[in-house]
Amino acid sequence: MNVSEALATRMSCRAFLPTPVPEATVRAILDAARQAPSGGNLQPWHVCALAGAPLADLVARVKTKIRLHPRGETPAYDIYPPALWEPYRSRRHKCGEDLYATIGVKREDKLGRLMQFARNYEFFGAPVGLLFFLDRRLGPPQWSDVGMYMQSVMLLAREHGLHTCAQEAWSVWHGTVRESLGMPQELMLFSGMALGWRDESAPINTLRTDRAPIEEFATLRGF
Ligand SMILES: Cc1cc2nc3c(=O)[nH]c(=O)nc-3n(C[C@H](O)[C@H](O)[C@H](O)COP(=O)(O)O)c2cc1C
């Protein structure tokens, strides 16, 4: 598989088979992703990979808490600005609508939507849950570095026949995640990521999101 194929076949997978992923594979992916670039070579990423009992334990902890606090903990950061503007607002809306359409959940079915969203906190049934942290004192350039590490993980996963779904949704449970994993206070949870084998029969995995054409965001000059 070359880089273009990895990019073209990567998608956010939201239903996985329970088939385990060997530790050696996860280690190889996290290891190869170290080649991601970072400003000043800071390599600000920290990652915790969970499988088996530790994964089940985290999922169970959040499941218990979510009943009392459906919105999670006080956010450590805003996933989106409070009032999103165009074109971002429409893109976000379309992405959500297209996602729920794949599983036939209507707009007015608030419970159905909530239940699907809550699948985030089960890593969509993936056998591996990854959690990405960075030192809270670092700034936007280093967040971007962590994003590049995550993208490297997602592309390398494709090379192993695996799929992923990045999950900012986990950030609303940052305190519980940090406590549960015994992560130091200065490390802040940026995102989770489900990793595993795609369930090819799951309707939700039929979603293919679109992209704005290059003319909308790029200018090429002097060629
Ligand atoms: C940093 C990051 C966080 C994301 N968080 C979530 C999430 O919490 N839950 C989810 O279902 N999808 C999440 N996504 C997936 C996006 O919705 C998805 O990447 C986007 O709609 C494009 O679709 P595609 O990944 O299938 O190409 C996240 C993606 C990124 C890059």
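Which element gives the largest share of the shell around the ligand? Good morning, everyone. The answer is β3, which contributes three residues to that shell. Before I go further, please keep in mind that this is a predicted model.

Let me stay with the ligand for a moment. Of the 14 residues around the ligand, the ones that come nearest are S12, R14, E168, A169 and R211. Sorted by character, the residues of the shell comprise six nonpolar, four polar and four charged. Some individual distances can be followed on the screen. The side chain of R10 has an N or O atom 2.9 Å from an oxygen atom of the ligand. For the side chain of T209, an N or O atom likewise stands 2.9 Å from an oxygen atom of the ligand. With A169 the backbone is involved: one of its N or O atoms is 2.8 Å from a ligand oxygen. On its own the ligand has 620 Å² of accessible area, and the protein covers 74% of that.

From R10 we can move to R158, since R10 is one of the residues in contact with R158. R158 sits in helix α6, which spans residues 140–159. Is R158 buried or exposed? R158 counts as buried because its relative accessible area is 11%, and the cut-off for buried is under 20%. Beyond its neighbours within four places in sequence, R158 is in contact with M1, A6, T9, R10 and H163. With T9 there is a polar contact, side chain to side chain, at 2.9 Å. A6 deserves a remark as well: A6 and R158 are 152 residues apart along the chain, yet their C-alpha atoms are separated by 5.6 Å.

I now turn to the interior. As a general point, nonpolar side chains in soluble globular proteins tend to be buried together. Here, the largest nonpolar core has 25 residues, and the members that touch the most others are L58, F123, L131, F133, W170 and V177. Two or more residues come from each of β1 (46–50), α3 (52–68), β2 (128–135) and β4 (187–196). Which of these elements gives the most to this core? That is α3, with four residues. Another core, of 24 residues, lies apart from it and includes V21, I29, W45 and A157.

F133 is a good residue to select in the viewer. Setting aside its neighbours within four places in sequence, F133 is in contact with a series of residues, among them P44, W45, H46 and C48. Further along the chain, its contacts include V177, L181, M183 and L187, as well as M188, L189 and F190.

V177 brings us to helix α7, for V177 is one of the buried residues of that helix. How many of the eight residues of α7 are buried? Six of them are, and the helix is mostly covered. Besides V177, the buried residues are H174, G175, T176, R178 and S180. These buried residues pack against α3, β2 and β4. S180 is a borderline case: its relative accessible area is 19%, so it is classed as buried, the limit being under 20%. Its contacts, again leaving aside neighbours within four places in sequence, are D57, L58 and R61. Just after α7, G182 takes a positive phi of about 65°.

On the other side of α7 is the loop that links β3 (163–167) to α7 (174–181), and S171 is found there. S171 is buried, at a relative accessible area of 2%. Away from its neighbours within four places in sequence, S171 is in contact with Y77, I79, L189 and F190.

Finally, some details of the backbone. Two residues that are not glycine have positive phi values: about 50° for Q43, and near 55° for F124. Q43 belongs to the loop between α2 (23–32) and β1, whereas F124 belongs to the loop between α5 (110–118) and β2. Q43 is partly exposed, at 39% relative accessibility, while F124 is buried, at 2%. Where does P87 lie? P87 is in the loop between α3 and α4 (88–102). The peptide bond joining E86 and P87 is cis, with omega about 5°.

Thank you for your attention.

Key
Residues numbered from 1 in each chain as written. Predicted model: local features only at pLDDT ≥ 70, side-chain atom pairs only at ≥ 80, totals over all residues. Heavy atoms only, no water. Core = buried A, V, L, I, M, F, W, Y, C linked by side-chain atoms within 4.5 Å. Buried < 20%, exposed > 50% of the residue type's maximum accessible area, 1.4 Å probe, protein only. Contact = heavy atoms within 4.5 Å. Near = heavy atom within 4 Å. Polar contact = N/O pair within 3.5 Å; in protein donor to acceptor, adjacent residues only side chain to side chain. Areas by Shrake-Rupley, 256 points an atom, 1.4 Å probe, with all protein chains shown as cover. Nonpolar A, V, L, I, M, F, W, Y, C, P; charged D, E, K, R; others polar.
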